[in-house]
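Welcome! Here is a short tour for anyone meeting this structure for the first time. Have a look at the sequence and the model, and then read on.

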Amino acid sequence: MVGGGILLLNGVDYLKYDNCFTTGTSPKERYPIMSKALLNSGRPIFFSLCEWGREDPATWAPKIGNSWRTTDQNDKWASYAGPGGYNDPDMLEVGNGGMTTEEYRAHFSIWALAKAPLLIGCDIRAMDKITFEILSNKEVIAVNQDKLGVQGKKVKKEGDLEVWASPLSGNRVAVVLWNRGSSKATVTANWSDIGLKLNHSTVVNARDLWQRKTILPINGQIAANLESHACKMFVLTPQ
């Protein structure tokens with residue numbers, strides 16, 4: 001085991017503690033020891049716990065680390081995340097091949113909305129222009145880094161059509177409309193679906209984060225006609 005002092009001397013500011021070769025010891029026993037060592041190191045070191053979500057880490061890890069692997073159960077534990085400690089659905093696959101550009105955008109949008117750690121998983125030395133543009137979208141990253149720190153989650157599902165939403169600072173809401181189906185379809189979110197505590201007639205400004213443009217004021221709902229596996233991501237600001 002590497003101690004906090006050694007990490008300090010080597011300028012480390014992020015530690016991921018995995019769950020391999022443990023001889024059967026529970027992470028609930030091992031991780032607090034490392035947490036204490038990092039706290040005593042004399043500098044801030046982000047502590048990422050990775051026991052793959054096997055022992056429901058969201059229920060106990062916030063007192064120990066800054067993120068904890070949830071794998072495919074991230075939405076389930078949304079209420080446990082907040083400033084200083086976040087659910088981690090795993091590293092980003094953007095740029096690793098096997099997905100379309102639209103799928104990469106949807107992947108990055110959902111991770112950003114969920115306030116997940118945005119850890120690049122591709123080879124940054126070989127990334128193409130599209131991969132760079134997705135991973136460097138400042139407006140999408142700003143949703144992830146919003147100071148309110150509330151994890152977004154799925155709020156509506158109709159077959160393969162999904163709406164995800166997250167409250168943001170300044171009474172704003174981030175929304176992802178996502179078509180997970182195999183054909184083109186329209187996804188619609190009403191204000192009541194996404195937590196906007198407004199009258200149906202209340203007008204908002206909608207900022208399209210991927211098109212980088214503001215849509216004319218809208219009221220009541222927002223909708224998008226989406227290709228298969230594509231998404232739209234907006235930040236809604238009440239007027």
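## Two hairpins in a row

Strands β5 and β6 make a hairpin with two residues between them, and G159 in that turn has a positive phi of about 65°. Please keep in mind as you explore that this is a predicted model. β5 covers residues 153-158, and its pairing with β6 is antiparallel, with five bridges. One place to see this pairing is E158, which stands opposite L161 in β6.

β6 also takes part in a hairpin with β7, this time with three residues between the strands; here G170 has a positive phi near 75°. The two strands run antiparallel and are joined by eight bridges, with β7 spanning residues 172-179. Two facing pairs help to place them: E162 has W178 in β7 as its bridge partner, and P167 stands opposite V173 in β7.

β7 goes on to pair with β12 (residues 231-238), again in the antiparallel sense, over six bridges. On that side, A174 stands opposite V235 in β12. As background, strands of a sheet pair through backbone hydrogen bonds, either parallel or antiparallel.

## How enclosed are these strands?

Is β6 largely enclosed or largely open? Seven of the eight residues in β6, which runs over residues 161-168, are buried, so the rest of the structure largely encloses this strand. β7 tells a similar story: seven of its eight residues are buried, so β7 too is largely enclosed by the rest of the structure.

## A closer look at E162

E162 is a good residue to zoom in on, and it lies in strand β6. Is E162 buried or exposed? E162 has a relative accessible area of 1%, and because buried means under 20%, this residue counts as buried.

What does the side chain of E162 meet there? One polar contact, of 2.9 Å, links the side chains of E162 and W164. Another polar contact, of 3.3 Å, joins the side chain of E162 to the side chain of R180. Setting aside its neighbours within four places in sequence, E162 is in contact with several residues, among them K154, K156, V176, W178 and V187.

## Helix α3 and the nonpolar core

Now turn to helix α3, residues 101-113. Its 13 residues should span 18 Å at 1.5 Å a residue, and the end C-alpha atoms are indeed 18 Å apart, so the two values agree. Ten of the 13 residues of α3 are buried, which leaves the helix mostly covered. Those buried residues include Y104, F108, I110, W111 and L113.

What do the buried residues of α3 pack against? Their partners are the helices α4 (129-135) and α5 (138-144), together with β5, β6, β7 and β12. Just after the helix comes K115, whose phi is positive, near 55°.

The largest nonpolar core has 25 residues, and those that touch the most other members are F108, V140, V143, V176, W178, W210 and M233. Elements giving two or more residues to this core are α3, α4, α5, β6, β7 and β12. The biggest contributor is α3, with seven residues. In soluble globular proteins, nonpolar side chains tend to be buried together.

## A four-stranded parallel sheet

Elsewhere, four strands form an open sheet in the order β1-β2-β3-β4, with parallel pairing. β1 (14-17) and β4 (86-88) are at the edges with a single partner strand each, so one side of each has no neighbour in the sheet. On average, neighbouring strands of this sheet are turned by 20° against each other, direction ignored.

For a detail of this sheet, take β3 (residues 67-69), which pairs with β4 in the parallel sense over three bridges. Within this pair, R69 stands opposite D88 in β4.

## Two loop residues with positive phi

Most residues other than glycine have a negative phi. T23 is not a glycine, yet it has a positive phi of about 55°. T23 sits in the loop between β1 and α2 (27-39), and it is exposed, with a relative accessible area of 77%.

W52 is also not a glycine, and its phi is positive at about 70°. Its place is the loop between β2 (46-49) and β3. With 29% relative accessibility, W52 counts as partly exposed.

Terms used. Residues are numbered from 1 along each chain as its sequence is written. This is a predicted model: local features need pLDDT of at least 70, side-chain atom pairs count only at pLDDT 80 or more; totals for chains, interfaces and linings use all residues. Side-chain values use heavy atoms; hydrogens and water are left out. Buried means under 20% relative accessible area, exposed over 50%, partly exposed in between (1.4 Å probe, protein chains only). Two strands pair if DSSP finds at least two bridges between them. A polar contact is a pair of N or O atoms within 3.5 Å; within protein, one must be able to donate a hydrogen and the other to accept it, and residues adjacent in sequence count only if both atoms are side-chain atoms. Contact means heavy atoms within 4.5 Å. The expected span of a helix is 1.5 Å times one less than its number of residues. Axes are lines fitted to C-alpha atoms, for helices over the stretch in contact, and angles run from 0 to 180 degrees between N-to-C directions. A nonpolar core is a set of buried Ala, Val, Leu, Ile, Met, Phe, Trp, Tyr and Cys residues joined through side-chain atoms within 4.5 Å.
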